[in-house]
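Welcome! Here is a short guided tour for anyone opening this model for the first time. Keep the structure in view as you read.

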2 protein chains.
Amino acid sequence: MTSLPSDSGSVYAVILAGGSGTRFWPASRRLMPKQLLAIGPSQEESLIRGTVRRLSPLAPAVRTLLLTGEHLVRATAAELPELPPSSFLAEPIAKNTAPCIVWAAAHVAATDPEAVLVVVPSDQHTADEKGFLRAIELAVASAREGHITTIGIEPTRPETGYGYIELGEGGVASDTRAQAVKRFVEKPSLKVAEEYVASGRFVWNAGMFVFRAKDMMAAFDRHLPQMAAAARKLVSLEVNGVAPGAAIREYFESAASVSIDYGIMEKEQGLRVVPASFGWSDLGSWESAWELGASDEQGNSAVAQAVYVDASRNLVHLSGPDAQKKVVALVGVEDLCVVDTGDALLVLPRSRSQDVRLVVEALKARGRGDLL
Amino acid sequence: MTSLPSDSGSVYAVILAGGSGTRFWPASRRLMPKQLLAIGPSQEESLIRGTVRRLSPLAPAVRTLLLTGEHLVRATAAELPELPPSSFLAEPIAKNTAPCIVWAAAHVAATDPEAVLVVVPSDQHTADEKGFLRAIELAVASAREGHITTIGIEPTRPETGYGYIELGEGGVASDTRAQAVKRFVEKPSLKVAEEYVASGRFVWNAGMFVFRAKDMMAAFDRHLPQMAAAARKLVSLEVNGVAPGAAIREYFESAASVSIDYGIMEKEQGLRVVPASFGWSDLGSWESAWELGASDEQGNSAVAQAVYVDASRNLVHLSGPDAQKKVVALVGVEDLCVVDTGDALLVLPRSRSQDVRLVVEALKARGRGDLL
């Protein structure tokens with residue numbers, strides 16, 4: 001059995017911290033994905049540390065769980081040294097979110113079925129931290145009433161890169177209370193997204209879920225019963241809250257690769273959503289890092305060692321062992337991303353931020369996986 | 001007295017190797033000026049090594065003199081380890097070309113007044129090396145007839161950055177013989193430069209001068225007699241071909257700052273010029289380094305570690321200790337210079353290559369002379 005604290009109904013932070021590390025190449029790598037970087041407004045705090053900090057009023061380190069890849073445990077633990085080893089639920093094989101979340105739910109349920117899990121991604125940005133916490137608290141209250149509850153972000157544009165949640169009651173009154181979910185919908189076409197946004201009845205699915213351990217286990221029993229049973233079996237083998245490596249591997253090898261959205265949310269009844277607008281961004285590319293980041297009067301990144309001459313609206317990001325000493329001079333250029341990590345340098349227009357993946361593909365093709 | 005070889009009338013290579021190292025920043029620095037870099041077509045050989053090599057059929061190491069700054073002796077000697085200490089005539093204070101060239105002339109004249117000095121800049125590019133040597137040999141023959149002889153480059157554009165030489169006979173028959181100089185003229189306006197080029201009677205002054213030691217001393221006696229006397233006095237103090245440091249310092253402190261063009265060439269009679277066209281370039285900026293450098297089909301620099309995606313006509317230059325390992329990825333950009341030296345990074349449009357100086361000025365203003 002585990003040694004987790006047993007105040008019944010406590011809140012657990014469950015932080016999704018996987019990621020392939022390609023969209024912010026060369027700063028992000030396979031072993032240094034986005035959540036471990038300080039991008040966006042803070043050049044001091046990594047995204048994952050910010051995530052843990054924001055949830056710390058509700059969940060201390062001992063009730064913080066990291067769902068991460070085995071290959072990321074070392075770097076993640078180095079970034080969050082206050083977390084005990086039992087905080088790390090590490091998947092040896094990437095199998096999407098459902099097998100991870102049910103593992104966390106079963107892990108917590110074994111000690112406290114009434115406990116509330118707050119599942120959030122580790123690599124998002126939140127401008128209004130109080131608003132974030134208020135929305136989470138509303139969701140926790142809703143979860144305690146027995147509803148799997150999600151946070152829905154009020155859309156600010158017809159984004160086609162996110163899933164949407166249709167509100168049961170219609171109309172968005174942000175951050176005030178949870179309301180019924182009508183349905184979860186997958187990433188729409190632009191036309192459909194425009195209709196969603198115009199209707200006022202849809203919010204973005206930001207991948208944040210709040211629920212009691214026992215309620216999520218019951219939902220898995222209904223929709224993915226085999227996975228629920230395997231997770232319970234895995235947790236039953238824990239010693240001091242840590243499952244044996246071989247059992248974890250067997251669990252993930254057998255698990256279906258299913259997202260929590262597809263496997264549970266699109267099928268489950270009685271879901272709720274807290275519509276919210278706390279300055280959320282998923283920081284999907286260098287472009288959004290520039291939009292959120294601090295900049296000088298010409299819109300260039302505020303980097304102490306940068307020299308800008310007739311240069312405007314450029315993102316500059318330096319990392320690596322010599323980043324503090326390196327001078328970057330931009331003359332007569334606009335709207336560029338310039339990212340230097342010591343071992344790699346990327347230059348591309350901000351508008352083409354998504355095309356970082358083309359470089360990643362080219363490096364793979366050249367057998368330069370060492371740089372990814 | 002010196003221990004220089006005394007085959008009367010031998011050829012000496014006299015290489016002008018000063019330079020402030022600003023136009024190719026960040027690759028060039030105060031202690032690493034352009035001639036010490038491998039820019040242009042060769043990514044292997046520094047410009048100064050190429051210069052010494054091209055003249056080596058005429059002048060071996062023991063008859064090669066470097067006119068350089070005291071602060072550059074160490075790096076220059078490291079680049080040219082075959083040169084003996086007596087090859088280095090180092091100025092402690094920059095005082096333009098006349099005091100340096102008369103020093104070299106007096107130094108050689110002390111052993112062999114009939115010796116022919118071939119004075120060339122150390123930081124130029126020559127595409128046709130045989131053509132270069134042919135022109136120099138014609139100039140040496142002319143010098144042996146008692147004429148201070150210069151090499152005049154057939155102009156390919158109305159360049160306003162160079163001085164011009166008007167041919168005495170008119171008409172340019174390249175690389176065939178020396179002809180009389182009508183006059184030396186300073187950098188012209190664009191309108192005047194266009195007239196010069198259209199006339200066919202003008203060639204570029206590339207700063208290459210060939211003369212017997214005694215003839216140049218005589219010219220200085222006519223036009224800058226005080227400087228000639230000071231140089232003779234300095235040379236009289238040499239021990240094993242090397243003048244005492246204090247005497248060198250005194251010589252340069254007293255010397256007027258005068259160019260050889262203004263001090264001698266614009267005043268002297270009986271000058272000759274060998275019109276030539278051996279693919280000369282003064283490599284004045286990153287732009288010209290790109291023009292001369294090897295490139296791929298899209299016109300990007302041929303750099304092994306570069307990844308180009310929808311990128312064309314970009315210059316990429318990597319140097320510094322980790323240059324061989326560093327990957328540079330350019331996506332969707334055109335006509336940029338990207339120069340990375342490990343401790344500094346420059347990004348600017350090729351068309352603004354001259355504006356590197358604005359960065360140098362900004363760094364000076366910030367007290368970052370350590371980067372210059």
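## A parallel pair in chain B

Four bridges tie β12(B) to β14(B), and the two strands run parallel. One point of pairing is easy to look up: V307(B) in β12(B) has A329(B) in β14(B) as its bridge partner. Please keep in mind, as you look, that this is a predicted model.

Both faces of β12(B) are covered. On one side sit A306(B) and Y308(B), on the other V307(B) and V309(B), and all of these are buried. Both strands of this pair will come back when we reach the contact between the chains: β12 (306-309) and β14 (327-331) are among the elements of chain B that give two or more residues to the side touching chain A.

## Where the two chains meet

How many residues does the contact take from each chain? It takes 36 from chain B and 36 from chain A. Between them the two chains bury about 2700 Å², with 63% of that on carbon and sulfur atoms. Three residues stand out on the chain B side: V327(B), V331(B) and L345(B) supply 22% of the area that chain B buries against chain A, more than any other three residues.

There are also charged and polar links to find. The count of salt bridges between chain B and chain A is four. In one of them the side chains of D310(B) and R352(A) meet, at 2.7 Å from N to O. Across the same interface, 18 residue pairs are in polar contact.

## What chain B brings to the contact

Which elements of chain B give two or more residues to this side? They are β12 (306-309), β14 (327-331), β15 (336-340), β16 (344-349) and α11 (356-365). The largest share comes from β16(B), with six residues. Sorted by character, the residues on the side of chain B that touches chain A are 24 nonpolar, three polar and nine charged.

## A strand pair across the chains

The strand β16(B) also pairs with a strand of the other chain. Four bridges join β16(B) to strand β14 of chain A, residues 327-331, and these strands run parallel. To find the pairing on your screen, look for V327(A), which stands opposite A344(B) in β16(B).

## A covered strand in chain A

Next, turn to strand β6 of chain A, residues 149-153. Is this strand mostly covered or mostly open? It is mostly covered, as five of its five residues are buried. T149(A), I151(A) and I153(A) lie on one side and T150(A) and G152(A) on the other, so to speak two covered faces.

This strand has two strand partners to visit. Four bridges join β6(A) to β9 of chain A (residues 202-212), and that pair runs antiparallel; here T149(A) stands opposite V210(A). Five bridges join β6(A) to β10 of chain A (residues 272-276), and that pair runs parallel. In β10(A), V274(A) is the bridge partner of I151(A).

## A covered helix in chain B

Helix α1(B) is mostly covered too, with seven of its nine residues buried. The buried ones are L47(B), I48(B), G50(B), T51(B), V52(B), R54(B) and L55(B). What do they pack against? Their partners in chain B are β1, β2 (64-69), α2 (73-79), β4 (116-121), β5 (125-126) and α4 (129-144).

## Backbone details in the loops

A few backbone features are worth a closer look. In chain A, the peptide bond from W25(A) to P26(A) is cis, with omega near 5°, and P26(A) has its place in the loop between β1 (11-17) and α1 (47-55). In chain B, a cis peptide bond joins W25(B) and P26(B), with omega about 5°; P26(B) is found in the loop between β1 (11-17) and α1 (47-55) of that chain.

Two residues other than glycine have a positive phi here. N240(A) has phi near 55° and lies in the loop between α7 (225-236) and α8 (245-254) of chain A. With 55% relative accessibility, N240(A) counts as exposed. D335(B) has a positive phi of about 55° and sits in the loop between β14 and β15 of chain B. D335(B) is partly exposed, at a relative accessible area of 23%.

Methods
Residues are numbered from 1 along each chain as its sequence is written. Chains are lettered from A and ligands numbered from 1 in the order in which they are written. This is a predicted model: local features need pLDDT of at least 70, side-chain atom pairs count only at pLDDT 80 or more; totals for chains, interfaces and linings use all residues. Side-chain values use heavy atoms; hydrogens and water are left out. Contact means heavy atoms within 4.5 Å. Buried area is the accessible area (1.4 Å probe) that two parts lose on being put together, summed over both. A polar contact is a pair of N or O atoms within 3.5 Å; within protein, one must be able to donate a hydrogen and the other to accept it, and residues adjacent in sequence count only if both atoms are side-chain atoms. Ala, Val, Leu, Ile, Met, Phe, Trp, Tyr, Cys and Pro count as nonpolar, Asp, Glu, Lys and Arg as charged, and the others, Gly among them, as polar. Two strands pair if DSSP finds at least two bridges between them. Buried means under 20% relative accessible area, exposed over 50%, partly exposed in between (1.4 Å probe, protein chains only).
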